[in-house]
Amino acid sequence: MLAYFDCFSGISGDMTLGALIDLGVPLPWLKESIAALPLTGFDITIEDVEYNGIRAKRVDVHAQGEHHHRHYSDIRSLIEESSLPDTVKKTAGSIFRRLAEAEAEVHGCRPEDVHFHEVGAVDAIVDVVGTALGLHRLGVFEAAAAAVPNGRGFVTCRHGRLPIPAPATVAILRGVPTYGIDVEYELTTPTGAAILATVAQTFGALPLMTAAAVGYGAGRRNLDPGPNLLRIIIGEEGSGRSRIENNFKRDQVVVVESSIDNMNPELFGFLMDRLFDEGALDVAWIPAQMKKNRLGTLLQVLCRRDELNAIASCILSETTSLGVRYHEAGRFILERDQALLESSFGPILVKRIRYPQGEVRLAPEFEVCKRIALEKGLPLRSVYDTVALEAAELDKHSAGR
């Protein structure tokens, strides 16, 4: 499912949550799911409002007791140690990481040392985690957004009087198309900016899509000329036929490339390990014929948008390259997870690959086979072939049933 964030009047955490609830995310389920953090002492209420004749949901998060200030590490642990689905934890964690990196840039410290004030309050945690839960509930795996508007003037926070857009908002939206509006109000908040910069893969006009539903989330108050709303449209990309025909899972990745022709080849192995440590999904070396007929290597890395800066920094620091190229790409992928195989080497984990037609295939995990080979003093090829054969036999047995 594709979601389009039509933020014609800016975006905030509560506006996003309101639009998702308007799209059908049940409030009781949302409260119960957020409590898995665990996070107590809060309540969420919804009010139906009408701005410029458009009905929308306005969300309020009520925190009971004091608003505890939290470091980024506290919030990260709160999310990572919860029982939330992995995709929800990844999205929420990435949003807060963007906030931490922006605050660290503004205040001149490390992200781990960032001490959140407003963002660390219960209502912001509820907005971020609730947004991640809502997107997961609606089956949204891809998002696009309009250019982001910013108002003008000043806003008062615990650091004092700050210009609009807030410094953290400006840092978060670096690389995202923005424009100014002559409205003295904070249209786009740091939390809203972080949500958008994290979940949206592309920015621009409404893409070709078959809309299935639309939700409106309201800001705290309407503005002149208004309406102060966030609109989220969900549906199938394009005509909707291709997704139904192939029935594959689809996501967005960033392809990062660099052409290298003057580096010791022995360094590539170390570089590959470093890139995977930084979050790379895949790394490939491709022989290339470069200028002046020099033999070189095309380094190609797949990663998530969140890991782009870390991947680019790794390439530029660990290689002789003077620059990197990157572009976003969509991909079709097969569903995969892990399964326990009772092998001749004992119970081991293997990769379980699921096809749209219902077929399931088991495949050996290289690192598992490597560990067994080293422990038992066997050739890696022999271990791998044995596990592959036993996995294939189990596939046949399962298919026969």
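Reader: What is the pLDDT like over residues 240–245, and how many contacts beyond four places in sequence does the model have there?

Author: Over residues 240–245 of this predicted model, pLDDT (the predictor's confidence in each residue, from 0 to 100) stays under 50, and there are nine contacts (heavy atoms within 4.5 Å) beyond four places in sequence. Where pLDDT is low, the predicted coordinates should not be read in detail. Residues are numbered from 1 along each chain as its sequence is written, and side-chain values use heavy atoms, without hydrogens and water. Local features need pLDDT of at least 70 and side-chain atom pairs count only at pLDDT 80 or more, whereas totals for chains, interfaces and linings use all residues.

Reader: Where in the chain is confidence lowest, and where is it highest?

Author: The mean is lowest, at 45, in helix α8 (residues 241–246), and highest, at 97, in helix α1 (residues 13–22); helices here are DSSP runs of H or I with at least four residues, strands are runs of E with at least two, and both are numbered from the N terminus. The chain as a whole averages 88, with 93% of the residues scoring at least 70.

Reader: Why are α1 and α5 called roughly parallel?

Author: Their axes, which are lines fitted to C-alpha atoms over the stretch in contact, with angles from 0 to 180 degrees between N-to-C directions, cross at roughly 30° and come within 9 Å, α5 being residues 122–138. Angles under 35 degrees count as roughly parallel, over 145 as roughly antiparallel, 65 to 115 as roughly perpendicular and the rest as oblique, so α1 and α5 are roughly parallel to each other. The residues of their contact divide into five nonpolar, five polar and two charged.

Reader: What makes α4 oblique to α7?

Author: The axes of helix α4 (residues 86–107) and helix α7 (residues 190–199) come within 9 Å and cross at roughly 125°, an angle that falls in none of the named ranges, and therefore α4 is oblique to α7. Among the residues making this contact are R98 and L99 of α4 and P190 and T191 of α7.

Reader: How do you know that β19 and β20 pair?

Author: Two strands pair if DSSP finds at least two bridges between them, and strand β19 (residues 346–354) and β20 have five, in the antiparallel sense; one of the bridge partners in β20 is V360, which faces R354 in that pairing.

Reader: Why do β18 and β20 count as edges of the sheet?

Author: In the open sheet of three strands, ordered β18-β19-β20, β18 (335–343) and β20 (360–364) each have a single partner strand, so one side of each is left without a neighbour in the sheet.

Definitions and conventions:
Ala, Val, Leu, Ile, Met, Phe, Trp, Tyr, Cys and Pro count as nonpolar, Asp, Glu, Lys and Arg as charged, and the others, Gly among them, as polar.
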